Amino acid sequence: MGKRYYCDYCDRSFQDNLHNRKKHLNGIQHHRAKKAWFDNFRDAATVLNEERSKEPCRKFLQTGQCVFGTSCRFSHMSERHMKMLEQKIDDEKRQKEDTDQDGSSNERSIDEWLSRREKKLAALTSGRVLKIEEEECAENIEIPPYLLSIPDLPPSLHPPPTGGWRVTLHNEWG
């Protein structure tokens, strides 16, 4: 049967040879599907500016549908949706400003980091069990709340225990 090429953008597969692949990759359907995929990741400010520059689609406003869909050159966004998008942009700006201000005041010095590193290395070389303090663990690790709501989260993405992991050195093997 031969190799098959699968296009993630178009959700199609076909026999993989130079002619078929070139024909598909240069096709209109592929270009539209690829554009639609990358449009999902556009910045909210860019989307808002583009929608404001367009005139409203009369057909969409009257019936709620447009035969051109996403390729329509007119705007399908209502005033209410534009206000919501503006609010989202403002919230993102405020969050960015807050993190910029908080980040500069909460930065730790290099001396503090080096002293903690020396303590950890000393504990490792002496053969003692290394245990991360709870306050340091909670301070350094911020777990996004949406990760905790996923039911079958892989073990590598689970949060660490509150007291940290115990690390022991195994000097003897066998």
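**Pocket first.** I looked up the largest pocket and got a volume of about 600 Å³. Of its 17 lining residues, those closest to the centre are Lys35, Asp39, Arg42, Glu51 and Thr70. Note to self: this is a predicted model.

**What is the lining made of?** I split the lining of the largest pocket by residue class and found 7 charged, 5 polar and 5 nonpolar. Then I checked which helices take part: H2 (28-39) and H3 (44-53) each give at least two residues to the lining. H2 has the largest share, with 4 residues. I also went through the domains, and the lining takes at least three residues from each of domain 1 (1-41) and domain 2 (43-99).

**Record check.** I pulled up UniProt, where an unreviewed entry lists "domain: C3H1-type" for residues 51-79. In the model I find that stretch to be 34% helix and 0% strand. Its end C-alpha atoms sit 10 Å apart.

**Over to the hairpin.** I followed strand E1 (residues 4-7) side chain by side chain. Tyr5 and Cys7 point to one face and are buried, while Arg4 and Tyr6 point to the other face and are not buried. That is the pattern I know from textbooks: in a regular strand, side chains alternate between the two faces of the sheet.

Which way do E1 and E2 run relative to each other, parallel or antiparallel? I get antiparallel, with 4 bridges joining E1 to E2 (residues 12-15). I looked up the bridge partner of cysteine 7 in E2 and found arginine 12. The hairpin has 4 residues between the strands, and I noted that aspartate 11 takes a positive phi near 60° there.

Key. Residues are numbered from 1 along each chain as its sequence is written. This is a predicted model: local features need pLDDT of at least 70, side-chain atom pairs count only at pLDDT 80 or more; totals for chains, interfaces and linings use all residues. Side-chain values use heavy atoms; hydrogens and water are left out. UniProt positions are given in the numbering used here, feature names are shortened, and annotations may be inferred rather than shown by experiment. Buried means under 20% relative accessible area, exposed over 50%, partly exposed in between (1.4 Å probe, protein chains only). Two strands pair if DSSP finds at least two bridges between them. On a 1 Å grid over the protein atoms alone, a cavity is a set of points where a 1.4 Å probe fits but cannot get out, and a pocket is an open set with protein on both sides within 12 Å along at least five of seven lines; lining residues have an atom within 4 Å of a point. Grid points are joined across faces, edges and corners, and a volume is the space filled by probe spheres set on the points. Ala, Val, Leu, Ile, Met, Phe, Trp, Tyr, Cys and Pro count as nonpolar, Asp, Glu, Lys and Arg as charged, and the others, Gly among them, as polar. Domain bounds come from an automatic or database domain assignment.
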